[in-house]
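Biologist: Could we go through this protein together? I should like to begin with the annotated site and then turn to the interior.

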Amino acid sequence: IAKLFVMCRYSMSQDSQHGKWTISSSDDDNDEALPPSGTATSVSSLAVGSEARQSAAKNKLNPVKYETSPSLAGKRKKVASDSTGWALSDSDEDDGEVKGKSLSDLPKKAPPNPKTKKPKVESERPPSPHGRLYYIDEPDDFFESCLPPLNDTYRFYLNKVTGLEKKYNSGALHIRDILSPLFGTLKESVQFNYCFDIAWMVKQYPSEFRDRPVLIVHGDKREAKARLIQQAQPFPHVRFCQAKLDIAFGTHHTKMMLLWYEEGFRVIILTSNLIRADWYQKTQGMWMSPLYPRLPKESSASAGESPTFFKRDLLEYLASYRAPELEEWIQRIKEHDLSETRVYLVGSTPGRYVGSDMERWGHLRLRKLLYEHTNPIPGEERWPVIGQFSSIGSMGLDKSKWLAGEFQRTLTTLGKSSLRPDPPMHLLYPSVEDVRMSLEGYPAGGSLPYSIQTAQKQLWLHSYFHRWKAEATGRSHAMPHIKTYMRASPDFSQLAWFLVTSANLSKAAWGALEKNNTQMMVRSYELGVLYLPSAFVRATYCLIVKKKFSITFSVDKNPFPVSASFSGFPVPFDLPPTSYTTKDQPWIWNIPYSQAPDTHGNIWVPS
């Protein structure tokens, strides 16, 4: 993996329908070794592929400035006026501490070419679209003193993003909102995640809860584990639970909070890492449960179950860790009433599964739920499948190897019909231009870990790609770390189902069939929630075609600002999706981009 960011002396150029890539001669490509996700600031993580995140973080700290070159003769970088909204800002506190380690402590490499790199002047401030004080102080209205109206129907929320019009953060949540005493008087919590900055995480708890016990569930091993534990030394109330990762190249990618209050219990399943960069300029999503009350003493074992069997499935997921540290939390959940839950749990846990166990996890779990709880739709062959993600694993030499032969069959399941149509499939993944023009600029690409080694082997996949556009939610320039999957009507006004999850487009996350389809192998821990219209009967739309009807969600075309009254489902990006043109290229994180500067005036040169 270390070879990924070594630019070899000899390279090859490859043309595709989405442009020309310069490809390193390294063929060191174990596709599943790449992390499913992450961010530019998780510098001290030893997760495989962390070299790119370190590169992204160092690019942000010591950015490579765009300069004219022979290939750019006659072109000059536009200098933004300080009065046009592109004021300079101070980045000193933006990523100053990452996973317990200051970026300034990172080893600095000599620039490979002093003509294209100039050292950052200590007092120099990179341009920012958010104003001079963005990196130091969030806007006054970023943290609300009282919660805005929330969508209690679906309980699906986006994160707040700095620099947007206020209406686009109305009904969105920051981590400080989630942990606010307005949601409950916290007694203890558990944080399941992939990347952690312990010091930053502790600061997000309100002062009155800051010393309450926190259990960290992680997948780090060896040196990374030691560093994580070292981060927590100043915080004696923080304990750890290491998730077992027995299959190579798997990760603990689940992102979940369990919050135990004096008033009850709450679950949050989300897409954000517990590091600062994930909560300010990226598009993230979450499902927040209702406040679950405690059951009366001596309630039956089946008490407090929901119509979606969420309680049973959550307990089964926690039991899969085989961790003594989680036993008390399993018991607490048993003692609470989860009957108000309207979503289904879709999880992945590492292992090889046979027989009926094959449908417990991964995409076969999703397939089973769609088979049992949806109905066929007339003309469903015209209902496209949409997948949106922030990382891509190896799909194989052609679509039949996994994507169409296995995963697409799951996504196209609607009820017990034997019909297996081949509807359109739209895959949303940011283009180079999306990243370049984003709020973070090129460093946003540190959270989009699609490698050239994988991409060059599956050029066929890129014909499915669509741009990241989110004008309706105001987040076109907040790069997605959220992952969503759905089935939409041909006019994109209705949804047959919707899933928000930690799972990216990879076999490691979703599982892959083995041994002539008699065994399912899953590498990673993942978790998401599935919205099915049948569980939201009062909030659904009856689609009547030729005297047959199906229940669907209507799509909310204007999800912000959120109102207390019912509206449609708040899809986080624009529908219909926008296809790549022949000039668009998917973002590849380990090749240079030096032909045009990003929104901060920098270029991208992985080291």
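Modeller: What follows covers the annotated site and then the nonpolar cores, all in a predicted model.

Biologist: Which residues does the UniProt annotation "binding site" cover?

Modeller: According to the unreviewed UniProt entry, the annotation covers Lys255 and Lys483. They are spread over 229 residues of sequence, yet they cluster in space, with a largest C-alpha distance of 11.9 Å.

Biologist: Where does lysine 255 lie?

Modeller: Lysine 255 is in the loop between strand E9 (238–242) and strand E10 (256–261).

Biologist: Is lysine 255 buried or exposed?

Modeller: Lysine 255 counts as buried because its relative accessibility is 0%, and the cut-off for buried is under 20%. Leaving aside neighbours within four places in sequence, its contacts include Phe192, Tyr194, Ser272 and His481.

Biologist: Which backbone oxygen does the side chain of lysine 255 reach?

Modeller: That side chain reaches the backbone oxygen of histidine 253, at 3.0 Å.

Biologist: And what about lysine 483: buried or exposed?

Modeller: Lysine 483 is also buried, at 1% relative accessibility. Its place is in strand E18 (residues 483–488), and its side chain reaches the backbone oxygen of histidine 481 at 2.4 Å.

Biologist: Turning to the interior, which residues touch the most other members of the largest nonpolar core?

Modeller: Leu403 and Tyr531 do, in a core of 115 residues. Strand E19 (residues 494–501) supplies the largest share of this core, 6 residues. Apart from it lies another core of 33 residues, among them Leu173 and Trp279.

Biologist: What is leucine 403 in contact with, beyond four places in sequence?

Modeller: Its contacts include Met395, Met425, Trp460 and Leu505.

Note on methods. Residues numbered from 1 in each chain as written. Predicted model: local features only at pLDDT ≥ 70, side-chain atom pairs only at ≥ 80, totals over all residues. Heavy atoms only, no water. UniProt positions renumbered as here; feature names shortened; annotations may be inferred. Helix = DSSP H or I, 4+ residues; strand = E, 2+ residues; numbered from the N terminus. Buried < 20%, exposed > 50% of the residue type's maximum accessible area, 1.4 Å probe, protein only. Contact = heavy atoms within 4.5 Å. Polar contact = N/O pair within 3.5 Å; in protein donor to acceptor, adjacent residues only side chain to side chain. Core = buried A, V, L, I, M, F, W, Y, C linked by side-chain atoms within 4.5 Å.
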